[in-house]
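The following exercises are to be worked with the sequence and the model at hand. Each task is followed by a solution in steps.

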Amino acid sequence: MLASRVRPCASQLQRYIQPLQTYSTAVGKSYEHIKVSTPRTGVALSAIVPCCYGNDTQRANGYAVELHRPKALNALFTPLILELNEALKTLDKDSTIGAMVLTGSHKAFAAGADIKEMATKEFADAYGNDFIESWSELPNTIKKPVISAVNGHALGGGCELAMMCDIMYCSEKANLGQPEIKLGIIPGAGGSQRLTRAIGKSKAMELILTGKNFSGREAYDWGLAARVFETPEQCVDGALDTAETIASYSKIAVKACKEVVNKSQDLGIREGVEFERRVFHGLFGSEDQKIGMKAFAEKKKAEWKHR
C-alpha cells in the first residue's frame, strides 16, 4: 500500500503539527477526531484524525501518524462529522480565512463509514431521525471554497465527503470507490448523484453496481479530480498552493464564483446564464470591483477590502 512506502519524516510532520496546536488554541476549541491549522496565509487545513483503538495508534504531539488497523482508517461516524461541521462553520465565519483544505492521513482520507454505527439500525430509526443528513452540511452550508486532498483510501462515505468539496485533488495511488453494494445498501450521502454528474451515467453505474474501486489517476482521467500528484505530500502541498491563491483574491468575488458554479448544477443553461449575469451585475456594487479594475489599469497589485 502506498502509505506504507511513503511516510512523512519528522520535519514534514512538524510542518503541520505546530500550526495545528496554535490554531486550535486560537479558536478556543480542540477536537477529538479532527485537527485544524493555518499553514498558509488565509488558508485553513482540516485533517481528519484516524480513529484510535487502544494503543494501535502512535502519536506525535497529538497528531496521529500511524495506524495499524487498516479497516478502521479514518472511519466516518456521527461524532466526527459533527466536529467537522462545527469546525468548517467556524472557519466559514472567520474573516481571516479565504479557503480551506480537507485531508486525512497518507493511508486514508476516510476509508468509509463506521459500519458499527449503522449495522443495527432499523428503518424507523434511520428514516425517522434523518440518519446521515448531517453529513451533507459541507456542500449545503459552507460558502468558502473547500479543497479535498485525497490520499490513501477514500471509500463509501469517504469518497462522498471528498466529492462534496468544491475541488478534489488526488495522489495517483489514492483508492476511491462506492462499494456499498457489497453491504446490501446504496450510497447514502450523495455518491450516486455527484459521481454520475462528474463522470457520466454509464461509468458511474458500473462503479456503483460492481463496487469496484478506482485510483486517483483514474479519478483525474475521468474528470472527477481536478489534479493528480505523484505523492501524498505533493497532493497536500498542491491543495494548499491553490487554496493560498484563492485566499489572495477578493472574498466577495470568490464567494460569488462558488455560488454561480454551484448553481449550474441545479439550473438549465439558460436559467444558469441569467443567474450568472445577475450576480455579475451585482459585483459592480462592490468596492473590490472598483479596486480590482483600477489596479489592473494602473498595473498595480490590488489591495482588497473584501466588501
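**Exercise 1: A salt bridge within a helix**

In this predicted model, Arg270 counts as exposed, at 64% relative accessibility.

Task: Determine where Glu274 and Arg270 lie and how far apart they are in sequence.

Solution.
1. The side chains of Glu274 and Arg270 form a salt bridge, with an N to O distance of 3.7 Å.
2. Both residues belong to helix 13, and 4 residues, about one turn of the helix, separate them.
3. Exposed requires over 50% relative accessible area. Arg270, at 64%, therefore counts as exposed, whereas Glu274, at 35%, is partly exposed.

**Exercise 2: A salt bridge between distant parts of the sequence**

Task: Explain why the pair Asp241 and Arg40 ties together parts that are far from each other in sequence, and state how many residues apart they are.

Solution.
1. The closest N and O atoms of Asp241 and Arg40 are 2.7 Å apart, and the two residues form a salt bridge.
2. Asp241 is part of helix 11 (residues 232-247) and Arg40 is part of strand 1 (residues 34-40), so the pair joins parts 201 residues apart in sequence.
3. Arg40 is buried, at 17% relative accessible area, while Asp241 is partly exposed, at 40%.
4. A network of salt bridges links Arg40, Asp241 and Glu244.

**Exercise 3: The largest pocket**

Task: Identify which helix gives the largest share of the lining of the largest pocket.

Solution.
1. The volume of the largest pocket is about 1,600 Å³, and 48 residues line the largest pocket.
2. Helix 12 supplies the largest share of this lining, 11 residues.
3. By class, the lining comprises 27 nonpolar, 10 polar and 11 charged residues.

Key: Residues are numbered from 1 along each chain as its sequence is written. This is a predicted model: local features need pLDDT of at least 70, side-chain atom pairs count only at pLDDT 80 or more; totals for chains, interfaces and linings use all residues. Side-chain values use heavy atoms; hydrogens and water are left out. On a 1 Å grid over the protein atoms alone, a cavity is a set of points where a 1.4 Å probe fits but cannot get out, and a pocket is an open set with protein on both sides within 12 Å along at least five of seven lines; lining residues have an atom within 4 Å of a point. Grid points are joined across faces, edges and corners, and a volume is the space filled by probe spheres set on the points. Helices (H or I, at least four residues) and strands (E, at least two) are DSSP runs, numbered from the N terminus. Ala, Val, Leu, Ile, Met, Phe, Trp, Tyr, Cys and Pro count as nonpolar, Asp, Glu, Lys and Arg as charged, and the others, Gly among them, as polar. A salt bridge is a side-chain nitrogen of Lys or Arg within 4 Å of a carboxyl oxygen of Asp or Glu. Buried means under 20% relative accessible area, exposed over 50%, partly exposed in between (1.4 Å probe, protein chains only).
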